[in-house]
Amino acid sequence: MDINNLVMLRKTSLVDYPGKVAAALFFCGCNLRCPWCQNRELVLASNAPDQAFISPDQALRHIEKRRAVLGGVVLSGGEPTLYHELPALITRVKAMGLPVKLDTNGMAPHVLETLFSQRETTPDYIALDLKLAPARYTLLGVKNPTARLKESAALIHTANVDHEFRSLALPHGFFTDNDIEALAPLVDHAPWFFRLFQPGNCLDPAWDTFPAAQKEDGARLAKKAAQLGKRANG
Ligand code: SF4
């Protein structure tokens with residue numbers, strides 16, 4: 001079974017699409033292996049009851065029925081750009097009159113290029129994760145990460161699509177001001193949000209023994225980003 005063809009459906013979410021009541025599809029599988037990832041069930045498609053996973057087609061049928069009460073659809077993960085039929089899926093959602101938000105780690109710029117090539121496959125909102133300085137992505141188990149991330153950011157800058165950037169403040173100074181400086185050229189006028197790491201159910205169980213990142217950790221990173229002229233929120 002191709003796990004990239006499976007999703008978990010959150011029928012109603014107030015937090016995944018800014019300002020909208022949305023349904024969210026969380027795709028299984030990911031091309032990164034962030035040790036602090038708390039989406040273990042999604043990334044590995046394991047340790048969750050089989051019935052938790054459905055096909056994107058089944059998810060869309062639920063959404064069609066609830067169309068009247070929804071303001072948008074979020075495609076998240078895991079990593080949604082690994083799903084081969086993503087352009088067709090976005091086309092179907094937009095044909096229902098619902099805007100689409102895509103959450104991505106930016107490791108598949110060729111997919112973004114395909115999506116941006118036609119209006120009906122272009123997401124209405126994109127959230128790009130920025131995890132570490134681009135050169136440090138090799139720690140996350142992917143080849144040529146730096147070029148991929150830079151290409152994705154450049155595509156998003158020029159796509160004329162609302163977007164945001166997201167980073168996670170990590171414990172033990174794992175994500176530092178140096179990472180912010182290295183990432184800053186990838187961030188344009190759009191907001192850059194900083195969330196806080198919490199241990200629990202991490203992909204690498206060693207990370208469950210680490211303390212939660214503190215509010216000051218996020219604020220420090222946001223301050224550094226703001227000093228570099230970014231619209232930081234931490
Ligand atoms: S944190 Fe995101 S990009 Fe990293 S492994 Fe988990 S789902 Fe993939």
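## A residue to begin with: N201

N201 is partly exposed, its relative accessible area being 33%. Anyone looking for this residue will find N201 in the loop between β7 and α7. Its backbone deserves a glance too: phi of N201 is near 65°, a positive value in a residue other than glycine. Please keep in mind throughout that this is a predicted model.

## Two more loops to visit

H172 also has a positive phi although it is a residue other than glycine, and here the value is near 55°. This residue belongs to the loop between β6 and α6, the latter covering residues 177–183. H172 counts as exposed because its relative accessibility is 62%, and the cut-off for that class is over 50%.

Another loop, the one between β5 (125–129) and α5 (145–158), holds N144. With a relative accessible area of 59%, N144 is exposed. If you measure along the chain, N144 and P134 are 10 residues apart, and their C-alpha atoms are separated by 9.8 Å.

## The ligand and its shell

Now for the ligand. Which residues surround the ligand? They are C30, L32, C34, C37, V43, G78, N105 and K131. By character, this shell divides into 5 nonpolar residues, 2 polar ones and 1 charged.

As for its location, the ligand sits in the largest pocket. One member of the shell, G78, takes part in a cis peptide bond with G77, where omega is about 15°. G78 itself is placed in the loop between β3 and α3, a helix that spans residues 86–95.

## The largest pocket

How much space lies in the largest pocket? The figure is about 970 Å³. The lining is made up of 40 residues, and those closest to the centre of the pocket are N39, G77, D129, R166 and R195. G77, then, is one of the residues closest to the centre and is also a partner in the cis peptide bond with G78.

Several elements give two or more residues to this lining: the strands β1 (7–13), β3 (72–77), β4 (100–104), β6 (162–169) and β7 (191–196), together with helix α1 (40–44). Of these, β6 gives the most, with 4 residues. Sorted by character, the lining residues of the largest pocket divide into 20 nonpolar, 9 polar and 11 charged.

## Two buried residues with polar contacts

Strand β4 is also the place of T104. Is T104 buried or exposed? T104 is buried, because its relative accessible area is 2% and buried means under 20%. The side chain of T104 is in polar contact with that of E79, at 2.8 Å.

Over in helix α7, which runs through residues 215–227, you will find K224. At 16% relative accessibility, K224 falls under the 20% limit and therefore counts as buried. Its side chain has a partner as well: a polar contact of 2.9 Å joins K224 to the side chain of E181.

## Looking back

To retrace the tour, the ligand sits in the largest pocket, and β6 is the element that gives the most residues to the lining of that pocket. The loops offered positive phi values at H172 and N201, along with the cis peptide bond between G77 and G78. T104 and K224 are both buried, with side-chain polar contacts to E79 and E181 respectively.

Key:
Residues numbered from 1 in each chain as written. Predicted model: local features only at pLDDT ≥ 70, side-chain atom pairs only at ≥ 80, totals over all residues. Heavy atoms only, no water. Near = heavy atom within 4 Å. 1 Å grid on protein atoms, 1.4 Å probe; cavity = no way out; pocket = protein on both sides within 12 Å on 5 of 7 lines; lining within 4 Å. Sits in = over half its atoms within 2 Å of the grid points. Nonpolar A, V, L, I, M, F, W, Y, C, P; charged D, E, K, R; others polar. Points joined across faces, edges and corners; volume = space filled by probe spheres on them. Buried < 20%, exposed > 50% of the residue type's maximum accessible area, 1.4 Å probe, protein only. Polar contact = N/O pair within 3.5 Å; in protein donor to acceptor, adjacent residues only side chain to side chain.
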